[in-house]
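Trainee: I am new to this one and would like a close look at a single part. Which charged side chains are paired there, and what surrounds them?

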Amino acid sequence: MRVSLLRRFCEYVPKGASIHVNPAVATPYGVTRAFRMTEMAAATADAERDAKGFFYLPRIDYDVGQGVAPLMTRKQFDVQYHVFHKAAVEQLNAHTMGSDLEGHNLNVVIRNSSFDASRAVIHTAASEHFNYCFWYRSLRPWGTAVPARLKEELQLQYSRNGTVDAVQEVQRLFTVAALSQQAAGGWVYLVWTGKAFDVLTFDHGTCPIGSDLIPLLALNTHESAYCYDYPLAAEEVEGDEIERFVQNFFKTCNWGLVEHYFLRCGQA
């Protein structure tokens, strides 16, 4: 009984923990020693995690094994997630640890660092962390259908008395905004201002939260978001590649997210 218990317990010993227990001599002391060493290894792992900071890369709740079709390949996604977003998170943790912002959620950090030159680095990193997270949530491989309630609300504002499809008009506004950011890069958002929908651009290091706007849909327009899959976008004059990038983005939009946040605005 003791031998089987010990063996079952040892399966849960963290990698790297040194266990020197002879299974043939499964004494109570040996079992206790194995447990204490496992406990110490777990505490060490927790300490290492805490030393990295409060913020971390989010778990993507859809399969990105093949990228986010048809917007971007796995290689393009990995550049965003494992290079640029990771760098923003590391910078955010490095500058908030030990400060009065340590341990606060992202919204609090963004709001409390807005318009404060001494916290500009924190605000930039926090805003970029928010932007990347919201961008991932705005995407789904091959997109989702526009919910009827949301489409009706968009039609009321963008349909021009029924002569224009509202979603196509929002796409056109995103394209114009993305082209305006082609040189510098940044973010394009569909937001709710409290009274109406709006499509706005945000420079690198800024986000809707800092302006008290409700984000509904986000597009990354940094060159790093399309450099591999749309290689001519950075060099072109006419903007055809950027237009194709935005078109593919609208084929991957998570419209359920847009409706979710829009309806929450109405309940607030």
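Mentor: Arg149 and Glu153 both belong to helix H6, residues 148-158, where helices (H or I, at least four residues) and strands (E, at least two) are DSSP runs numbered from the N terminus. The two residues are four apart, about one turn of the helix. Their side chains meet in a salt bridge, 3.7 Å from N to O; the term stands for a side-chain nitrogen of Lys or Arg within 4 Å of a carboxyl oxygen of Asp or Glu. Arg149 is partly exposed at 45% relative accessibility, and Glu153 is partly exposed at 23%. On this scale, buried means under 20% relative accessible area, exposed means over 50%, and partly exposed is in between (1.4 Å probe, protein chains only).

Before going further, note that this is a predicted model, in which local features need pLDDT of at least 70 and side-chain atom pairs count only at pLDDT 80 or more, while totals for chains, interfaces and linings use all residues. Residues are numbered from 1 along each chain as its sequence is written, and side-chain values use heavy atoms, with hydrogens and water left out.

Further along the sequence, Glu169 and Arg160 also form a salt bridge, at 3.2 Å from N to O. Glu169 has its place in helix H7. The Glu169 side of this pair is buried, with a relative accessible area of 8%, whereas Arg160 is partly exposed at 48%. The pairing extends beyond two residues: Arg160, Glu169 and Arg172 are linked in a network of salt bridges. Setting aside neighbours within four places in sequence, Glu169 is in contact with Tyr158, Arg160 and Val164, contact meaning heavy atoms within 4.5 Å.

The structure holds 10 salt bridges. One of them joins Asp100 to Arg119, with the closest N and O atoms 2.7 Å apart. Asp100 lies in the loop between helix H3 (74-96) and helix H4 (106-113), and Arg119 in the loop between H4 and helix H5 (120-138), so this pair ties together parts that are 19 residues apart in sequence. Asp100 is exposed, at 53% relative accessible area.

Back to H7, the helix that carries Glu169. Helix H7 spans residues 166-180 and meets helix H8, residues 240-250; their axes come within 9 Å and cross at roughly 140°. Axes here are lines fitted to C-alpha atoms, for helices over the stretch in contact, with angles from 0 to 180 degrees between N-to-C directions. That angle makes H7 oblique to H8, since angles under 35 degrees count as roughly parallel, over 145 as roughly antiparallel, 65 to 115 as roughly perpendicular, and the rest as oblique. The crossing of H7 and H8 is right-handed: the near helix is turned clockwise from the far one by less than a right angle, whereas anticlockwise would be left-handed. From H7, the contact involves Val167, Val170, Gln171, Phe174, Thr175, Ala178 and Leu179, and from H8 Ile242, Glu243, Val246, Gln247, Phe249 and Phe250. By class, the residues of this contact are nine nonpolar, three polar and one charged. Nonpolar covers Ala, Val, Leu, Ile, Met, Phe, Trp, Tyr, Cys and Pro, charged covers Asp, Glu, Lys and Arg, and the others, Gly among them, are polar.

H3 and H5, the helices named around the Asp100 pair, also pack against each other. Their axes come within 8 Å and cross at roughly 145°, and the crossing is left-handed. Among the residues that meet are Phe77, Tyr81 and Phe84 in H3, and Val121, Tyr132 and Trp135 in H5. This contact divides into 14 nonpolar, six polar and one charged.

For a strand, take Val191 in E1, residues 186-192. Val191 is buried at 0% relative accessible area. Pro208 is 17 residues from Val191 in sequence and 7.8 Å away in space, C-alpha to C-alpha. Not counting residues up to four places away in sequence, Val191 touches several others, including Phe197, Pro208 and Leu213.

As for the whole, the protein chain has nine helices and three strands, in the order α-α-α-α-α-α-α-β-β-β-α-α. Of its 268 residues, 43% are buried. Among contacts between residues at least 6 apart in sequence, 68% join residues at least 24 apart.
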